[in-house]
Amino acid sequence: MPQTITRGYKALVAEAESQIETLSVEQAQALHGRDDVVFVDLRDPRELEREGRMPGAFHCPRGMLEFWIDPESPYAKPIFQHDRRFVFFCGGGWRSALAALAAQEMGLRPVAHMAGGFGAWKKAGLPVAPAVEKQG
């Protein structure tokens, strides 16, 4: 018997965006490079290899976000324990909206996400660096 989805991704993203701060690419660009702001790239490693990356962004695959944020997790990353503003982005802005809401619900503050994601960043002609070379 097929599954019946009662709340699709569009509803989830819209709900998330109603509860978080959404930055335009221009607003995000104004924050880029500041010491008190961390851009968090949620894309899959294959996306980084294929499309490049935002210079200075911290890469956190979406599937690890909650584990890397929580200081009680064996996977916790120190970057999330500092008093900074966190701007999440993905390829198109859907995953980052959901991630920003999850981070905010966990108590990480202040958080925002970048509308349009890395695709909008590239389309605006903003800096793109090559992906970090594969290791191992």
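What does the charged end of R43 sit over? I looked that up before anything else: the ring of F118 is under it, with the charged end 4.0 Å from the ring centre. A reminder to myself that I am working on a predicted model.

**Entry: the sheet**

I traced the strands next. I found an open sheet of five strands with parallel pairing, in the order β1-β5-β4-β2-β3. Its edge strands are β1 (21-23) and β3 (58-59), each of which pairs on one side only.

I then went through the pairings. β1 runs parallel to β5 (residues 111-114), and three bridges join them. In that pairing I see E21 standing opposite A112 of β5. Moving on, β5 pairs with β4 in the parallel sense, again over three bridges. A112 turns up here too, as the bridge partner of V87. On to the next strand: β4 and strand β2 (residues 37-41) pair in the parallel sense over five bridges. There, V87 in β4 has F39 opposite.

How many of the residues of β4 are buried? I get four of five, so I noted the strand as mostly covered, taking buried as under 20% relative accessible area.

**Entry: helix α5**

What lies across β4 and β5? Helix α5 (residues 94-106) does, and I noted that α5 runs at about 180° to β5. I checked its length as well: 13 residues, reaching 19 Å from the first C-alpha to the last, which is close to the 18 Å expected at 1.5 Å a residue. After the helix comes G107, with a positive phi near 110°.

Which residues of α5 are buried? My list reads S96, A97, A99, A100, L101, A102, A103 and Q104. I looked up what they pack against and wrote down α1 (9-17), α4, β4 and β5.

I picked two of these for a closer look. S96 lies in helix α5 and has a relative accessible area of 0%, so I count S96 as buried. Leaving out residues up to four places away in sequence, S96 touches L42, F88, F89, C90, H113 and M114.

A100 also has its place in helix α5, and its relative accessible area of 0% makes A100 buried. With the same sequence neighbours left out, A100 touches I20, F88, V111, A112 and H113. I also took one distance here: A100 and D36 are 64 residues apart in sequence, and their C-alpha atoms are 17 Å apart in space.

**Entry: aromatic rings**

I searched the whole structure for aromatic pairs and got seven. One of them is F58 with W68, a tilted pair at 5.9 Å centre to centre with 55° between the planes. I noted that this pair links distant parts of the chain, since F58 is in strand β3 and W68 is in helix α4 (residues 65-69), ten residues apart.

Buried or partly exposed, for F58? Partly exposed, because its relative accessible area is 21% and buried means under 20%. W68 is at 13%, so W68 counts as buried.

I then turned to F89 and F118, which form a stacked pair: 6.3 Å centre to centre, 25° between the planes. These two also link distant parts of the chain, with F89 in strand β4 and F118 in helix α6 (residues 117-123), 29 residues apart. I looked up the burial of both rings: F89 is buried at 0% relative accessibility, and F118 is buried with a relative accessible area of 0%.

I went back to F58 and W68 to see what else goes with them. They belong to one aromatic cluster, together with F80 and F86.

**Entry: charges over rings**

Which residue lies over the face of W68? I found K77 there, at 4.7 Å from the ring centre. So my notes on W68 now hold a tilted pairing with F58, a place in the aromatic cluster and K77 over its face.

That brings me back to where I began. F118, the ring under the charged end of R43, is the one that stacks with F89. And F89 is also on my contact list for S96 of helix α5, which ties this entry to the one on the helix.

How values were computed: Residues are numbered from 1 along each chain as its sequence is written. This is a predicted model: local features need pLDDT of at least 70, side-chain atom pairs count only at pLDDT 80 or more; totals for chains, interfaces and linings use all residues. Side-chain values use heavy atoms; hydrogens and water are left out. Two strands pair if DSSP finds at least two bridges between them. Contact means heavy atoms within 4.5 Å. Axes are lines fitted to C-alpha atoms, for helices over the stretch in contact, and angles run from 0 to 180 degrees between N-to-C directions. Buried means under 20% relative accessible area, exposed over 50%, partly exposed in between (1.4 Å probe, protein chains only). Rings of Phe, Tyr and Trp (its six-membered ring) pair if their centres lie within 6.5 Å; planes under 30 degrees apart count as stacked, over 60 as edge-to-face and the rest as tilted. A charge sits over a ring if NZ of Lys or CZ of Arg is within 6 Å of the ring centre and within 35 degrees of the ring normal. The expected span of a helix is 1.5 Å times one less than its number of residues.
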